[in-house]
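Let's take a walk through a structure together. Keep the 3D view open and turn it as you read.

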Amino acid sequence: MTLAATNPVPAMSLKRLIGAYFSDAKYESLRLFRTPAFSMPILAMPILFYSFFGVILNGKAGAVFANQMFVGWTVYGVMGPGLFGFGILVAVERNQGLLTFKRALPMPTGSYLTSKLMMAYVFAIVVMIMLVTAGLTMGHVTLAGAQLFRLAAVMSLGVFPACAVGLFIGCYAPASSAAAFANIVYLGMAFLSGLFFPISGVLKTIQPIWPTYHLAQLARASAGLPSQGSMPQHIAILAVMTLALTFAAARKLARTG
Amino acid sequence: MKAEPQIQGAALAALRGVHKRYGETVALNGLDLEVRPGELLSVLGPNGAGKSTAIALMLGLQEPTSGEVRLFGRSPRDLAARRGVGVMMQEVMLPDALRVHDLIAMTSAYYPDPLTLAETLALAGVEKLGPRPYAKLSGGQKRQVQFALAICGRPRLLFLDEPTTGLDINARETMWAAVRGLVTGGASIVLTTHYIEEAEALADRVVVMAKGRQVAEGTVEEMRKIVVRKRVDCVTATALAVIEAWPEVSAAAQTGRQVSITTIDAEAVVRRLLGADPALSDLEVRRAGLSEAFAELTAEATPETNQEAA
């Protein structure tokens, strides 16, 4: 008995291959914009929280405070899509068999994850545009164009650790509790990392475990606000966290699907 | 029938001596299976026979515990091999916020030379469903859309795992017509099904699986002979050994006073039963179901005779 040595299937052109990545990213974003349970909290919470705490309650607190609030809620808002997009969806899709179906199809290697990464970017950009608009029009934000531009650059890097944390949760948490884990981690990242108010005591010692702590320092520095620690060190720590979490998740994903 | 089937050209997909265990459970127990060019191979068998596991292995979704798996001569994990494959699984969740044409576009993008959207919709008979969100479809319509996703990439080899479950008659006929068209166009198809009628309507070759092995293989005609067996039940004083000795009886079993006989010639057996024991009661004759036919095949099959169809 001979097994077929030839492959009668036409080769995939590079153009179509790249097209497949973009198509996956497009439909991943599209379906999540059309899923209010996902898109509403991700898009609405940052702008609502910022409007309430950063604009209404702190209307007369001064430019530095207004800018710090704006930067804090920007970090918060940009982390959401990656954290929940990967954290909840990967866990649920592993459980539901969508991932199994896509693995049976000739979906390009890595497209499952890059489509979610691009989706997180699309959502993060929308969140950032809303926050910048609110900050400049109502929030008394005094950042210059160049500072906003640098902040946006830092935030675009911040999507990566957010996705890595989410991916880690999505690969290890059961589908039924992934949302709870993602929410707890999100709360920790928001309120225990010192995004909005100084942290003291034991919580200060463990503050560096939160990626948002490092990201916030980078964001503040980029916006010309007071920050702590060395910037190359923050970048290095974020890079190590991102790679370690992604590596651990990818191992699990490759083993069990 | 042939003990060693002649291979027409090279196999598109093949399992050779494949074992698959999940902990203590043996899902596949030394399975040999190959899919030849241009054939519609129907894999029949009761639940738990290992049909879906065999397909999962050929798609590279799982690794065999031992044995060899090939798809277009390559590992099924090889993306280039899977580009020749379309698949409709038994249970699948699709992103249901997407519309049908989105799902088709997304799936088509994975293939080198897919059908156009209009061709896919027409072939699957779902032209009217294009703009509908997947979440709003009925169970049967979802199956039809899953079929559209399976064929949109112009596959050389199509895996259909119980495709018509939950379809109404019209939808089933449409799907059957599409499947026949694909075979005419040169595609090979692996169809698993519970329904013997489906295999009868479509298949060139049938493989019957039970307990992780192939227990019978042959043409639809050969398989039909297995399924035309009748089941005769009665309560009789005639000894089981006497009944088993009658030439028309292919199998007999006794539970309490109840005797169950499997036969191709029910009339002859009933005549003999009444002749031997005019006082017998609770006589019942029915067509043996597919699952009963399979169960007997499994019981009859020993490792040495598992190539025999009937």
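Where in chain B is Phe72(B) found? Look in the loop between strand 4 and helix 2 of chain B, and you'll find Phe72(B) there. Before going further, keep in mind that this is a predicted model. Phe72(B) is a bit of an oddity: its phi is positive, about 50 degrees, although the residue is not a glycine. Is Phe72(B) buried or exposed? It counts as buried, because 27 C-beta neighbours sit inside 10 Å, and the cut-off for that label is 20 or more.

Now compare another residue with a positive phi. Asp282(B) isn't a glycine either, and its phi is near 55 degrees. You'll find Asp282(B) in strand 13 of chain B, which covers residues 281–287. Asp282(B) has 11 other C-beta atoms within 10 Å, so it is exposed; the limit for that label is 12 or fewer.

Time to zoom out. Chain B holds eleven helices and 13 strands. Of its 310 residues, 45% count as buried. If you take the contacts in chain B between residues at least 6 apart in sequence, 68% of them join residues at least 24 apart. The domain assignment splits chain B into domain 1 (13–225) and domain 2 (230–287). Taken over C-alpha atoms, the centres of domain 1 and domain 2 of chain B are 41 Å apart.

Let's look at the sheets, starting with one made of three strands. In chain B, these strands form an open, antiparallel sheet in the order 2-1-4. Why do two of its strands have a side without a neighbour in the sheet? Strand 2 (25–35) and strand 4 (66–71) of chain B stand at the edges and have a single partner strand each, so one side of each stays free of a sheet neighbour. On average, neighbouring strands here are turned by 25 degrees against each other, ignoring direction. Strand 1 (residues 13–22) and strand 4 of chain B pair in the antiparallel sense over five bridges. For one example of a bridge, find His19(B): its partner in strand 4 of chain B is Ser66(B). Packed on this sheet is helix 1 (residues 51–58) of chain B, which touches strand 1, strand 2 and strand 4. The direction of helix 1 makes about 115 degrees with that of strand 1 of chain B.

Next comes a sheet of six strands. Its order in chain B is 5-6-7-3-8-9, and this open sheet has mixed pairing. Strand 5 (85–88) and strand 9 (213–218) of chain B are at the edges, each with a single partner strand, so each has one side without a neighbour in the sheet. Neighbouring strands in this sheet are turned by 15 degrees against each other on average, again ignoring direction. Strand 5 pairs with strand 6 (residues 157–161) of chain B in the parallel sense over four bridges, and Gly86(B) has Leu158(B) as its bridge partner in strand 6. Helix 5 (residues 139–151) of chain B packs on the sheet, touching strand 5 and strand 6, and its direction makes about 170 degrees with that of strand 5 of chain B.

Stay with this sheet and pick out strand 3 (residues 40–44) of chain B, where five of its five residues are buried. In a regular strand, side chains alternate between the two faces of the sheet. Here both faces are covered: Leu40(B), Ser42(B) and Leu44(B) are buried on one side, and Leu41(B) and Val43(B) on the other. Strand 3 pairs in the parallel sense with strand 7 (residues 188–193) of chain B over five bridges, with Leu44(B) standing opposite Thr193(B). Strand 3 also pairs in the parallel sense with strand 8 (residues 205–210) of chain B, over four bridges. There, Leu41(B) has Arg205(B) as its bridge partner.

Finally, see where the chains meet. The contact takes 36 residues from chain B and 34 residues from chain A. On the chain B side, helix 2 (79–82) and helix 3 (100–108) are the elements that give two or more residues. That side divides into 25 nonpolar, three polar and eight charged residues.

Notes
Residues are numbered from 1 along each chain as its sequence is written. Chains are lettered from A and ligands numbered from 1 in the order in which they are written. This is a predicted model: local features need pLDDT of at least 70, side-chain atom pairs count only at pLDDT 80 or more; totals for chains, interfaces and linings use all residues. Two strands pair if DSSP finds at least two bridges between them. Axes are lines fitted to C-alpha atoms, for helices over the stretch in contact, and angles run from 0 to 180 degrees between N-to-C directions. Two residues are in contact if their C-beta atoms, placed from the backbone, lie within 7 Å. Domain bounds come from an automatic or database domain assignment. Ala, Val, Leu, Ile, Met, Phe, Trp, Tyr, Cys and Pro count as nonpolar, Asp, Glu, Lys and Arg as charged, and the others, Gly among them, as polar.
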